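Here are some exercises to work through with the model open beside you. Try each task before reading its solution.

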Amino acid sequence: MEIRFQTKEESNRQQQEDFLKLSGAERFYSFLRLCERVSKFPVKNKINKNEGNFLIVIKERK
């Protein structure tokens, strides 16, 4: 493992260059791996404020 001290701009440029060096298929698989990792990222559960409440829905007459 290598530790580099660089600015955010330098880091972003290096990541972009590394990504563009990949072939089209490798880029696609890299994208799929990223999607999978993002889907597993822990998120705070959303609270449904209407859950358990009695709702009255009035539909418009035509």
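A residue is called buried under 20% relative accessible area, exposed over 50%, and partly exposed in between, with a 1.4 Å probe and protein chains only. This is a predicted model, in which local features need pLDDT of at least 70 and side-chain atom pairs count only at pLDDT 80 or more, while totals for chains, interfaces and linings use all residues. Residues are numbered from 1 along each chain as its sequence is written, and side-chain values use heavy atoms, leaving out hydrogens and water.

**Exercise 1. Overall form**

Task: Work out how many helices and strands the chain has, and how its radius of gyration relates to the globule rule.

Solution:
- Start with DSSP runs, numbered from the N terminus: helices are H or I over at least four residues, strands are E over at least two. The chain has two helices and zero strands.
- Next, the radius of gyration, taken over C-alpha atoms, is 23 Å, whereas the globule rule (2.2 Å times the number of residues to the power 0.38) gives 11 Å for 62 residues. The value is well over the rule, so the chain is more spread out than a compact globule.
- Now the extents: along its principal axes, the C-alpha trace spans about 60 × 30 × 20 Å.
- Finally, burial: 2% of the 62 residues count as buried.

**Exercise 2. Salt bridges**

Task: Find how many salt bridges the chain has, and classify the partners by exposure.

Solution:
- Apply the rule: a side-chain nitrogen of Lys or Arg lies within 4 Å of a carboxyl oxygen of Asp or Glu. The count comes to three.
- One of them joins Arg-4 and Glu-2, at 3.3 Å from N to O. Glu-2 is exposed at 61% relative accessibility, and Arg-4 is partly exposed at 46%.
- Glu-17 pairs with Arg-13, with the closest N and O atoms 3.8 Å apart. The two are four residues apart in helix α1 (residues 8-20), so about one helical turn separates them. Glu-17 is partly exposed at 38%, and Arg-13 is partly exposed at 47%.
- Lys-40 and Glu-36 meet at 3.4 Å, N to O. Lys-40 counts as exposed at 63%, while Glu-36 is partly exposed at 45%.

**Exercise 3. A nonpolar patch**

Task: Identify which residues make the nonpolar surface patch of about 430 Å².

Solution:
- Recall the criteria: patch residues have over 30% relative accessible area and no salt bridge, with like charges joined within 9 Å and nonpolar side chains (Val, Leu, Ile, Met, Phe, Trp, Tyr) within 5 Å. Areas come from the Shrake-Rupley method with a 1.4 Å probe, and for residues only the protein chains shown count as cover.
- The members are Phe-28, Tyr-29, Phe-31 and Leu-32.
- Check one of them: Leu-32 lies in helix α2 and is partly exposed at 38% relative accessibility.

**Exercise 4. Distances along and across**

Task: For Asn-53 and Tyr-29, then for Ser-39 and Asp-18, compare sequence separation with C-alpha distance.

Solution:
- Asn-53 and Tyr-29 are 24 residues apart along the chain, and their C-alpha atoms are separated by 44 Å. Asn-53 sits in the segment after α2 (24-39) and is partly exposed at 46%.
- Ser-39 and Asp-18 are 21 residues apart in sequence and 23 Å apart in space, C-alpha to C-alpha. Ser-39 belongs to helix α2 and is exposed, with a relative accessible area of 57%.
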